[in-house]
Amino acid sequence: IQMPTVLWNEDDYAAHYHRVQIVFGLYYGLIFAMAIYNALLWISLRDRTYFLCVAYIMGYGLFQFSLNGLSFEYLWPDNPWWNNRSIAFLMSFGFFFIIAFSSAFLALPKNVPRVAMLFNFMMLFFVIMMIGALFMPYQYVIRTATLGSMITAVSIFMVGVYCWLTKFKPA
């Protein structure tokens, strides 16, 4: 981990912090708007895929909020136990739902059944990581979940390209 040290005078730091907070506000506002939009689609269309998308967006948003330290500052300031576990838990939560969303969106059980089975095992892996995040030492869970996240991201991309090449229109 690289941690550059910067010394600020009070006025410069306040101006910098203000700019950073505006950028964070825009970023998290967009994530929240995407979640609301997809939630409204889910409510009106009753399509399970939109629910999975909302769950992923919220998991990803909370994960990023935790990474930036804002969740501890604004959502659970009196709960350091949860704060110490939230990053690994929310990363696993988000990846569970992005796998579920990808599987449903790409109709993997119908189009690529073997990959659908692989995705089910990957979802089970992230459920185990969510449970592990609550009980196991952070250094083990975060490393394992991060490795699983990298494998998952590559897998989803490759399956998406495959479905696109086989002329599956949603891909």
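This report walks through a predicted model of an all-helix protein, from its overall build down to a few single residues.

## The big picture

Let's start with the overall layout. The protein has 7 helices and 0 strands, so its pattern along the sequence reads simply α-α-α-α-α-α-α. Taken along the principal axes, the C-alpha atoms fill a box of roughly 60 × 35 × 30 Å.

Of the 171 residues in the protein, 37% are buried. The protein exposes about 11400 Å², and carbon and sulfur atoms supply 70% of that area. As for contacts with a separation of 6 or more, 63% of them involve residues 24 or more positions apart.

## Helix α2

Helix α2 covers residues 48-67. With 20 residues at 1.5 Å a residue, α2 should span 28 Å, and its end C-alpha atoms are 29 Å apart, which agrees. Its buried residues include L52, V54, A55, I57, F63 and F65. Which helices do the buried residues of α2 pack against? They pack against α1, α3 (70-74) and α4 (80-105).

T49 is a handy residue to zoom in on. It sits in helix α2 and is buried, because its relative accessible area is 15% and the cut-off for buried is under 20%. Leaving out residues up to four places away in sequence, T49 touches F101, A104 and F105.

## Helix α6

Now for helix α6, which runs over residues 113-135. You can try the length check here too: 23 residues at 1.5 Å a residue should span 33 Å, and the end C-alpha atoms of α6 are 34 Å apart, which agrees.

Among the buried residues of α6 are V115, F119, M122, M123, F126, M129 and M130. Look at the numbers and you'll spot steps of three and four, such as F119 to M122 and M122 to F126. An α-helix has 3.6 residues a turn, so residues three or four places apart point the same way. The buried residues of α6 pack against α4, α5 (108-111) and α7 (138-165).

## Two cysteines, no bond

How many disulfides does a search of the whole structure find? The count is 0. C53 is in no disulfide, and the nearest cysteine sulfur, that of C163, is 17 Å away. C163 is likewise in no disulfide, with the sulfur of C53 as its nearest at 17 Å. A disulfide needs the two sulfur atoms within 2.5 Å, so this pair doesn't qualify.

Are these cysteines buried or exposed? C53 is buried, with a relative accessible area of 14%, and C163 counts as buried at 1%.

## A nonpolar patch on the surface

Time to look at the outside. V6, W8, Y13, Y17, Y74 and L75 form a nonpolar patch on the surface, and together they have about 620 Å² of accessible area. One of them, Y13, is found in helix α1 (residues 10-45). Y13 counts as partly exposed, at 42% relative accessibility.

## Two unusual backbone angles

Most residues other than glycine have a negative phi, and most peptide bonds are trans. A107 goes the other way: its phi is positive, near 50°, in a residue other than glycine. You'll find A107 in the loop between α4 and α5, where it counts as partly exposed at 22% relative accessibility.

K167 also has a positive phi, about 70°, although it is not a glycine. K167 is found in the segment after α7 and counts as exposed, at 69% relative accessibility.

Methods: Residues are numbered from 1 along each chain as its sequence is written. This is a predicted model: local features need pLDDT of at least 70, side-chain atom pairs count only at pLDDT 80 or more; totals for chains, interfaces and linings use all residues. Side-chain values use heavy atoms; hydrogens and water are left out. Buried means under 20% relative accessible area, exposed over 50%, partly exposed in between (1.4 Å probe, protein chains only). Patches are made of residues with over 30% relative accessible area and no salt bridge: like charges are joined within 9 Å, nonpolar side chains (Val, Leu, Ile, Met, Phe, Trp, Tyr) within 5 Å. Accessible areas come from the Shrake-Rupley method with a 1.4 Å probe; for residues, only the protein chains shown count as cover. A salt bridge is a side-chain nitrogen of Lys or Arg within 4 Å of a carboxyl oxygen of Asp or Glu. Helices (H or I, at least four residues) and strands (E, at least two) are DSSP runs, numbered from the N terminus. Contact means heavy atoms within 4.5 Å. The expected span of a helix is 1.5 Å times one less than its number of residues.
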